[in-house]
Every structure is written in structure tokens, then in C-alpha cells.
Amino acid sequence: MAPTWQSWSWCSGVRRIALALEYNGAAYHGSQLQANGRSIQAEVEAALHRLTGESPRVALAGRTDAGVHALGQVAAFTTATRHEPPVIMRALNALLPADIAVRAAVEAPDDFDPRRHARCRLYRYTIWNTASRSPLRRGTTWHVRAPLDERAMSAEAALLVGEHDVASFGGPLPPGRSSIRRVERVDVRRDGEVVTLEIAANAFLPHQVRRTAGALVEIGSGKLHPGAFGTWLATPCTGSAGPAAPPWGLCLVEVTYDNLDLSPISPARAEVGVTREAMRATPVPGAGTGRRGFNRNAPVPIREGGREIGS
């Protein structure tokens with residue numbers, strides 16, 4: 001059911017901003033804040049602090065594990081900044097590390113929750129299926145040397161479509177949480193030496209896509225008999241499916257909403273000035289995430305049309 005949005009906070013001066021993020025997760029311990037490691041959330045929050053002088057808490061549509069990538073992760077935060085979304089996008093892209101980018105920025109309703117309001121999430125798992133490895137695909141595909149029968153994999157994956165208890169494909173959940181999920185579509189395709197699995201669902205269990213991909217490789221290589229997926233769905237047992245495929249082949253492609261368009265901002269819409277000052281940072285030993293530090297007390301000056309605008 002579509003969420004009933006509350007009105008935008010035009011009068012309060014506080015706005016909710018939604019971002020579509022692309023990132024290479026190789027250098028991160030996951031998307032969400034980590035006590036002892038770099039995370040996508042920490043980097044975005046640090047960049048927002050430098051841009052606005054605020055310390056917003058960023059909410060994410062989904063948790064991605066260490067090493068997992070994204071083309072369409074969705075983040076949201078509340079801010080009093082006067083910058084328009086295209087300015088925010090350009091400024092954040094100047095401030096964020098090279099392996100994180102903002103693809104779109106829009107104003108959202110003030111109660112927008114990127115996780116709870118998501119209608120569908122689409123993940124893609126990519127397999128490099130040939131005897132020789134590919135240095136150019138290293139870090140974004142799983143190299144499987146054994147020949148895979150993608151038709152057998154596709155037939156098995158089709159059993160997942162619909163509403164099922166998918167506990168066998170996921171990790172442990174907190175007490176009281178349901179493991180029933182609705183899978184809208186599953187596609188297994190081959191394009192030369194590349195085999196891709198795409199799976200769209202209303203939500204996913206921890207490690208669900210990686211365990212699904214690992215089990216399908218077992219099917220495709222003949223190590224697992226056809227019908228195993230039906231058995232796992234009929235008698236759910238946490239974590240019994242698999243093995244889990246490695247994280248680097250997995251990518252969160254898209255998160256969709258009923259009343260929010262996060263299509264990438266066109267060059268014309270994004271044509272606003274961001275000075276090179278936005279790319280400078282004052283190092284502070286031990287600050288930030290441990291990789292580098294910033295002067296968190298100095299908001300970044302942004303210019304439009306030669307005029308500096310405040311936060």
C-alpha cells in the first residue's frame with residue numbers, strides 16, 4: 001500500500017532530502033555506521049556536515065554488507081540548508097570520496113523513510129563464467145571456472161517468485177521478525193561469459209541474494225539437484241541454502257517508491273556552480289573515519305552564478 005505522505009515543511013525551514021547513491025563497496029565495511037571501520041553512511045554524513053555545518057543522521061533504504069556495491073542505494077536526511085537539490089548533489093560529489101557518488105537529489109515529504117516506504121528493491125549478482133580470470137572485472141564479479149547451465153539455474157530460480165518463507169536463504173533475524181518475503185521477479189541470463197542473476201522483492205533477508213546466487217551456481221554446475229529450492233521453501237531452516245556467494249559480485253541496482261522519482265538528475269538540471277573550494281579539506285589527525293579527517297567546523301562555500309550562497 002502506498003504511504004500517505006505528510007506535507008513538506010515549507011514553513012518550518014526544515015526539509016527532507018532524498019539521495020540516490022552509487023558506490024563501489026570494496027573499501028567499506030558496509031553501508032551503515034560501523035564502530036571500527038569505514039562505512040558509506042559515515043562518509044555521506046561527513047560530507048553533509050562540511051556542506052551545511054549541520055550533523056544530520058542519514059537513513060538508508062537497505063543495508064549492504066562489506067564489499068557490496070550499489071547503483072541505486074537511497075539515502076535521506078533532514079536539513080535546514082537553503083541549497084537546492086541540484087546544488088546539494090554537485091557539492092556532495094565534490095566532497096565525497098571517488099568511490100561514492102550522488103546520482104540524484106530531490107526534496108521528499110518530511111516523513112519519508114527510505115527503508116519503510118520502499119515498494120521494491122532490485123539486486124543484481126554478476127558471475128564471470130570462464131576458465132580464465134578477468135583483471136578488469138576483478139572486484140565486481142565472482143569468477144566461476146566451472147561451466148554453468150544458465151537454463152537450469154533459471155528454472156530453479158523461478159520457484160522463488162511469489163510470497164514465501166525464505167528463511168533458508170537468509171541469516172538470523174531478531175526475535176519476532178518475519179522471514180516471509182514477496183519476490184516479484186527473478187531472471188538468470190547469460191551474455192557471453194557473463195551470467196547475471198537479477199532478483200526484485202519487497203524486502204530481503206540478510207545475505208538472501210548471496211545465498212541464492214551461491215545455490216544457483218551449485219545448480220548450474222551440477223553439484224546440487226534440481227528441486228532443492230522447492231525443498232528449502234517447503235521446510236524453511238535459517239541459513240540452510242547456499243553456500244553464500246562472495247560479496248563483490250553483488251550490487252543494489254534500484255529502490256523504487258510509489259510517489260518519489262529518483263531518476264538521475266540531467267546535466268541541464270545539475271548545471272550549477274560549485275567552486276574548487278568545495279573540494280578542499282583541512283586535515284585533522286584522527287578525525288572522520290580514520291582514512292582522512294576534515295575540519296568539521298568549517299562549512300564549505302558554494303557559489304551559484306558567481307555569488308556565494310550560505311547554508
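A polar contact is a pair of N or O atoms within 3.5 Å; within protein, one atom must be able to donate a hydrogen and the other to accept it. Keep that cut-off in mind for Thr81. In this predicted model, a polar atom of the Thr81 side chain lies 3.2 Å from the backbone nitrogen of His83. Thr81 sits in the loop between strand E3 (69-79) and helix H2 (85-95). The residue is buried, because its relative accessible area is 3% and the cut-off for buried is under 20%.

Now step back to the whole chain. It has five helices and 12 strands. Of its 311 residues, 49% count as buried. Take the contacts between residues at least 6 apart in sequence: 73% of them join residues at least 24 apart. The chain exposes about 14900 Å². Carbon and sulfur atoms supply 50% of that area.

Next comes the interior. In soluble globular proteins, nonpolar side chains tend to be buried together. Here the largest nonpolar core has 74 residues. Those with the most contacts inside it are Leu19, Leu21, Leu92, Tyr257 and Leu262. Tyr257 touches Leu262 directly. Leaving out residues up to four places away in sequence, Tyr257 also touches Ala61, Val74, Phe112, Pro114, His117, Ala118 and Arg119.

Gly214 offers another view of the packing. This glycine lies in helix H4 (residues 208-220). Gly214 is buried, with a relative accessible area of 1%. Its C-alpha is 4.5 Å from that of Ala245, although the two are 31 residues apart in sequence. Beyond its neighbours within four places in sequence, Gly214 is in contact with Trp142, Gly242, Pro243 and Ala245.

Charged side chains come next. The whole structure holds 13 salt bridges. One of them joins Glu22 and Arg103, with the closest N and O atoms 3.5 Å apart. Glu22 lies in strand E1 (residues 15-23) and Arg103 in strand E4 (residues 100-108), so the pair ties together parts that are 81 residues apart in sequence. Glu22 is partly exposed at 32% relative accessible area. Arg103 is partly exposed too, at 32%.

Asp65 and Arg210 meet in another salt bridge, at 3.4 Å from N to O. This pair links distant parts of the chain, 145 residues apart. Asp65 is in the loop between strand E2 (59-60) and E3, and Arg210 is in helix H4. Asp65 counts as partly exposed at 25% relative accessibility, whereas Arg210 counts as buried at 14%.

A third salt bridge joins Asp187 to Arg185, with the closest N and O atoms 2.4 Å apart. Asp187 is partly exposed at 22% relative accessibility. Arg185 is partly exposed at 32%. Both belong to a network of salt bridges that also links Arg124 and Glu198.

Arg181 is a contrasting case. This arginine lies in strand E8 (residues 180-191). Arg181 is buried yet has no salt bridge. Why does Asp165 not serve as a partner? The nearest side chain of opposite charge is Asp165, 7.9 Å away, and a salt bridge requires the side-chain nitrogen to be within 4 Å of a carboxyl oxygen. The Arg181 side chain does reach the backbone oxygen of Ser178, at 2.9 Å. Arg181 also touches Gly162, Glu163, His164, Val166, Asn202, Ala203, Phe204, Leu205 and Gln208, not counting residues up to four places away in sequence.

Technical notes: Residues numbered from 1 in each chain as written. Predicted model: local features only at pLDDT ≥ 70, side-chain atom pairs only at ≥ 80, totals over all residues. Heavy atoms only, no water. Helix = DSSP H or I, 4+ residues; strand = E, 2+ residues; numbered from the N terminus. Buried < 20%, exposed > 50% of the residue type's maximum accessible area, 1.4 Å probe, protein only. Lys, Arg positive; Asp, Glu negative; His and termini not counted. Contact = heavy atoms within 4.5 Å. Areas by Shrake-Rupley, 256 points an atom, 1.4 Å probe, with all protein chains shown as cover. Core = buried A, V, L, I, M, F, W, Y, C linked by side-chain atoms within 4.5 Å.
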